[in-house]
Amino acid sequence: MKDRLAQAAAEAQANAYAPYSGYKVGAALQAEDGRIFIGVNVENASYGLTNCAERVALGAAVTSGARRFDRLVVVSDASPPSAPCGACRQVLAEMGTDMVIEAVGPSGSRSWKLTDLIPDPFGAEDLAP
Ligand code: THU
């Protein structure tokens, strides 16, 4: 049986709006306080305006006041399960790189620490004069 976070991501995947790529993604982010926030990819006819599931989940979390996260589960139909894209790695890293990311697909799952996926993200400290 799937854990609660993986279940939430799998349920969200069904709502992904991916009429152009056909590649549906569901994401579920667990905050340090236990709350779960979900997201799906939302594509656009102007392709470059597409939002990935991971960034939609992060936006939902921040909207509700969550900024510290333990885990992110991403569900897609990719085999092997695919890691978040570079843009999402950078955006997730804004809130810290301690979280564990798990990618789940029909052939199983893989997991990483965010810090291993993006070891040297651009950060607030880089903006210091
Ligand atoms: N996509 C995600 O939502 N998350 C990922 O980790 C990789 C890519 C979406 C963007 C686009 O809607 C579709 O998958 C194909 O790239």
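Which pocket is the space taken by the ligand? The space that the ligand takes is the largest pocket. A pocket here is an open set of points on a 1 Å grid over the protein atoms alone, with protein on both sides within 12 Å along at least five of seven lines. A molecule sits in such a pocket if more than half of its atoms lie within 2 Å of its grid points.

The model is predicted, so that local features need pLDDT of at least 70 and side-chain atom pairs count only at pLDDT 80 or more, while totals for chains, interfaces and linings use all residues. Residues are numbered from 1 along each chain as its sequence is written, and side-chain values use heavy atoms, with hydrogens and water left out.

The residues around the ligand are Ser21, Tyr23, Val25, Asn41, Glu43, Thr50, Cys52, Ala53, Glu54, Pro84 and Cys85; a residue is counted as near if one of its heavy atoms lies within 4 Å of the molecule. By class, this shell holds 6 nonpolar, 3 polar and 2 charged residues. In that scheme Ala, Val, Leu, Ile, Met, Phe, Trp, Tyr, Cys and Pro are nonpolar, Asp, Glu, Lys and Arg are charged, and the others, Gly among them, are polar.

Several polar contacts, meaning pairs of N or O atoms within 3.5 Å, join the ligand to this shell. Within protein, one atom of the pair must be able to donate a hydrogen and the other to accept it, and residues adjacent in sequence count only if both atoms are side-chain atoms. An N or O atom in the side chain of Glu43 is 2.5 Å from an oxygen atom of the ligand. A polar side-chain atom of Asn41 lies 2.9 Å from a ligand oxygen atom, and a backbone N or O atom of Ala53 is likewise 2.9 Å from an oxygen atom of the ligand. Of the 370 Å² of accessible area that the ligand has on its own, the protein covers 78%; such areas come from the Shrake-Rupley method with a 1.4 Å probe, and for residues only the protein chains shown count as cover.

Asn41 deserves a second look. Its place is the loop between strand E2 (36-40) and helix H2 (53-63), where helices (H or I, at least four residues) and strands (E, at least two) are DSSP runs numbered from the N terminus. A polar atom of the Asn41 side chain lies 2.8 Å from the backbone oxygen of Tyr23. Asn41 is buried because its relative accessible area is 5%, buried meaning under 20%, exposed over 50% and partly exposed in between, with a 1.4 Å probe and protein chains only.

Tyr47 is also in the loop between E2 and H2, but Tyr47 counts as exposed because its relative accessibility is 59%. The C-alpha atoms of Tyr47 and Val62 are separated by 25 Å, with their positions 15 residues apart along the chain counted as their spacing. Gly26, in strand E1 (residues 26-31), is buried because its relative accessibility is 0%.

The loop between strand E3 (69-75) and helix H3 (86-93) contains Pro80. The peptide bond from Ser79 to Pro80 is cis, with omega near -5°, whereas most peptide bonds are trans. Ser82 is found in the loop between E3 and H3 and counts as partly exposed because its relative accessibility is 27%.

Note on methods:
1 Å grid on protein atoms, 1.4 Å probe; cavity = no way out; pocket = protein on both sides within 12 Å on 5 of 7 lines; lining within 4 Å.
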